[in-house]
Amino acid sequence: MAEDKNNRNDNDWIKQLVLMGIGTTSLAAEKLKEVSEEWVKEGKIKPDQAQGFVDDIMDQIKTGQGNFENNMERELRNMLQDLGVPRQTEVDELRGRIDRLERQLRDLENKLWR
C-alpha cells in the first residue's frame with residue numbers, strides 16, 4: 001500500500017511539472033503572437049513572416065520541452081533507483097515469486113496432512 005501511495009505521489013509530481021510546462025508553452029505562444037502582431041503593425045516584418053516566426057519559435061520550444069521531459073524522467077528514475085525504490089516490474093516479479101512460493105507451501109502442507 002505504501003508503495004502505491006509513493007508511486008501516486010511521484011506521478012502527481014510529474015503531472016504537475018508537465019502541466020507547468022504546458023502552461024508555460026501556452027503563455028509563450030500567446031506572447032509570441034502578440035509580439036509578432038506588434039512587429040507587423042510597426043512594419044518590422046511582413047504579415048506572412050509573422051506566422052512563420054511564431055511557428056519556428058514554438059517548434060524550438062516544443063523540441064526543448066520534449067528533451068527537458070525526457071531528461072527529467074531519466075533523472076527522476078535515477079533518483080528513485082538511488083533511493084532504493086523498486087520499479088513496478090520488480091515489484092510485479094516479486095509478487096509472482098511470492099504467489100508461486102505460497103502455492104508450493106500449500107501443496108506441501110496438503111501432502112503432509114494426507
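Helices in this text are DSSP runs of at least four residues, numbered from the N terminus. The structure is a predicted model, and the exercises below work through its fold, its charged pairs and two buried positions.

**Exercise 1. State how many helices and strands the protein has, and in what order its elements run.**

Solution. The protein has 3 helices and 0 strands, and from the N terminus on these elements run α-α-α. Turning from the elements to the contacts, residues 24 or more positions apart account for 59% of the contacts in the protein with a separation of 6 or more. As for the surface, the protein exposes about 9,700 Å², of which carbon and sulfur atoms supply 54%, while 10% of the 114 residues count as buried.

**Exercise 2. Identify the partner of Arg95 in a salt bridge, and determine where the two residues lie.**

Solution. The test to apply is whether a side-chain nitrogen of Lys or Arg comes within 4 Å of a carboxyl oxygen of Asp or Glu. Arg95 meets this test with Asp92, the closest N and O atoms being 3.7 Å apart. Both Arg95 and Asp92 belong to helix α3, which covers residues 88–113, and they are 3 residues apart, about one turn of the helix. To place the pair relative to the surface, one notes that Arg95 is partly exposed, with a relative accessible area of 41%, and that Asp92 also counts as partly exposed, at 41% relative accessibility.

**Exercise 3. Find how many salt bridges there are in the model, and describe the ones formed by Glu42 and by Arg77.**

Solution. The count comes to 3 salt bridges. Side chains of opposite charge can pair when their charged atoms come close. In one of these bridges the side chains of Glu42 and Lys44 meet at 3.1 Å, N to O; here Glu42 is partly exposed, with a relative accessible area of 44%, whereas Lys44, at 56%, is exposed, because the limit for exposed is over 50%. In another, the side chains of Arg77 and Glu73 meet at 3.0 Å, N to O. Arg77 and Glu73 both lie in helix α2 (residues 47–82), where they are 4 residues apart, about one turn of the helix. Arg77 has a relative accessible area of 36% and is partly exposed, and Glu73, at 47% relative accessibility, counts as partly exposed.

**Exercise 4. Name the residues that form the positive surface patch, and decide whether Arg103 is buried, partly exposed or exposed.**

Solution. The positive surface patch is formed by Arg97, Arg100, Arg103 and Arg106. Of these residues, Arg103 may be taken as the example, and its place is in helix α3. Its relative accessibility is 44%, and Arg103 therefore counts as partly exposed, since that class lies between the limit for buried, under 20%, and the limit for exposed, over 50%.

**Exercise 5. Classify Ala50 and Met58 by accessibility, and work out which residues Ala50 is in contact with beyond its neighbours within four places in sequence.**

Solution. Ala50 lies in helix α2, and Met58 lies in helix α2 as well. At 8% relative accessibility Ala50 counts as buried, and Met58, at 8% relative accessibility, likewise counts as buried, because the limit for that class is under 20%. When the neighbours of Ala50 within four places in sequence are left aside, Ala50 is in contact with Ser36, Val40 and Ile45. The C-alpha atoms of Ala50 and Glu37 are 7.0 Å apart in space, although these residues are 13 apart in sequence. For Met58, the residue to examine is Ala29, which is 29 residues away along the chain, with a separation of 6.8 Å between the two C-alpha atoms.

Conventions. Residues numbered from 1 in each chain as written. Predicted model: local features only at pLDDT ≥ 70, side-chain atom pairs only at ≥ 80, totals over all residues. Heavy atoms only, no water. Buried < 20%, exposed > 50% of the residue type's maximum accessible area, 1.4 Å probe, protein only. Patch = residues over 30% accessible without salt bridge, like charges linked within 9 Å, V, L, I, M, F, W, Y side chains within 5 Å. Areas by Shrake-Rupley, 256 points an atom, 1.4 Å probe, with all protein chains shown as cover. Lys, Arg positive; Asp, Glu negative; His and termini not counted. Charge placed at Lys NZ, Arg CZ, Asp CG, Glu CD. Contact = heavy atoms within 4.5 Å.
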